[in-house]
Amino acid sequence: MPAHKSKLSVDLVIPVFNEAGVIEQTFSRICEVIDPLPYQFNVFFVDDGSSDATNESLLALAHGDPRISILTFSRNFGHQAALTAGLDASSGDFVITLDGDGQHPPEMIPELIHLFEQGYDIVQAQRIEERSVSFKQFTSAGFYSLMNRLSGTQMIAGAADFRGLSRQAVDALKSMPEYHRFLRGMIAWMGFRSVILPYHEQKRVAGRSKFSFGKMFRLAMDAIFSFSLVPLYVGMSMGGVLLCLAAVQIVYVLSFWFTGRSSELEPGWSSLMAGMLVIGGMVMILLGFIGVYVGYIFQEVKRRPVYLLKKDQDK
């Protein structure tokens, strides 16, 4: 008799933060997609320290669907920590991460699974930008362009946290315990066989985005300082340029002495102060870069957990 082939298990990891009234609509769309599919689904909702009725909404959903598990943070640890918690809890053959606001279309789930079954470990959904350029799109394109130049890891513009990962890729990601997490870069760094799946981002089901400019800026800083030492080299290079300029100035002054025109040299307070300010500014910039890296090292060596769970609820 041929061996019975077990049903493919697929886990969905959905981080949420203050999405009461939204997550119900998103989950309804998800169910419309996954219910007809011949796979075993589990859904992990990660409540990132919501202050509204999100947890109550999730409990109500869980009481009506045994596939749902709820992970609740003790406070708001951030989107990357929420994704990490869901990936840590998952056990499926294929794990899909998507946002709970409906902007990542659940209708793409069958295509993500199909590509995984073709042998890809990483199925990365890539947002197709509209013709009109917004501030967010402009800054996003600039960020990815900068990251690809600074780091040795190539990241795809428009590739957010909507993706599917094989069990091998998830286990590899779980072996990377760094505190400052930029999952887009970490996943790209792993180098497993990957494929890009374009999609059009949907409008939010309701409410407004909780991912503020400040959070985007902190994520960008985590990415730059976690994946590149270039800022240190930039500071060193600028210091070298200043040394070259200082050498040129010395040669210029000595030329007056060797040609008998030393009397033409007059002490210049403004030029002296300008030089001191330029050099002092460069030193402060370089020390600032070093300080950031030392701060990152300090936070890493403390070995604090990326997140803390207040409760782990299945119902």
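In the predicted model, glutamine 124 stands opposite isoleucine 196 in strand 7. Glutamine 124 also has a partner in strand 6, where arginine 163 stands opposite. These two pairings introduce strand 5, which spans residues 122–127 and is joined to a strand on either account. With strand 7, formed by residues 194–199, strand 5 runs parallel, and six bridges join the two. With strand 6, formed by residues 163–166, strand 5 runs antiparallel, and the link consists of three bridges. Of the six residues of strand 5, five are buried, so this strand is largely enclosed by the rest of the structure.

Two helix pairs were examined next. Helix 6 comprises residues 167–174 and helix 7 residues 183–190; their axes come within 10 Å and cross at roughly 115°. The crossing of helix 6 past helix 7 is right-handed. On the side of helix 6, the contact is made by Ala169, Ala172 and Leu173, and on the side of helix 7 by Leu183, Met186, Ile187 and Met190. Seven nonpolar residues take part in this contact of helix 6 with helix 7, with no polar and no charged ones.

The second pair consists of helix 1, residues 23–34, and helix 2, residues 54–64, whose axes likewise come within 10 Å. Their crossing angle is roughly 30°. Since angles under 35 degrees count as roughly parallel, helix 1 and helix 2 are therefore roughly parallel to each other. This crossing, too, is right-handed. Ile23, Glu24 and Phe27 of helix 1 meet Ser57, Leu58 and Leu61 of helix 2 in the contact. The residues of the contact of helix 1 with helix 2 divide into four nonpolar, one polar and one charged.

Lysine 7 lies in the segment before strand 1, which covers residues 9–16. Its relative accessibility is 51%, and lysine 7 therefore counts as exposed, the cut-off for that class being over 50%. Lysine 7 and tyrosine 39 are 32 residues apart along the chain, yet their C-alpha atoms are separated by 6.0 Å. When neighbours within four places in sequence are left aside, the contacts of lysine 7 are Pro38, Tyr39, Gln40 and Asp93.

Terms used
Residues are numbered from 1 along each chain as its sequence is written. This is a predicted model: local features need pLDDT of at least 70, side-chain atom pairs count only at pLDDT 80 or more; totals for chains, interfaces and linings use all residues. Side-chain values use heavy atoms; hydrogens and water are left out. Axes are lines fitted to C-alpha atoms, for helices over the stretch in contact, and angles run from 0 to 180 degrees between N-to-C directions. Helices (H or I, at least four residues) and strands (E, at least two) are DSSP runs, numbered from the N terminus. A crossing is left-handed if the near helix is turned anticlockwise from the far one by less than a right angle, and right-handed if clockwise. Contact means heavy atoms within 4.5 Å. Ala, Val, Leu, Ile, Met, Phe, Trp, Tyr, Cys and Pro count as nonpolar, Asp, Glu, Lys and Arg as charged, and the others, Gly among them, as polar. Angles under 35 degrees count as roughly parallel, over 145 as roughly antiparallel, 65 to 115 as roughly perpendicular and the rest as oblique. Buried means under 20% relative accessible area, exposed over 50%, partly exposed in between (1.4 Å probe, protein chains only). Two strands pair if DSSP finds at least two bridges between them.
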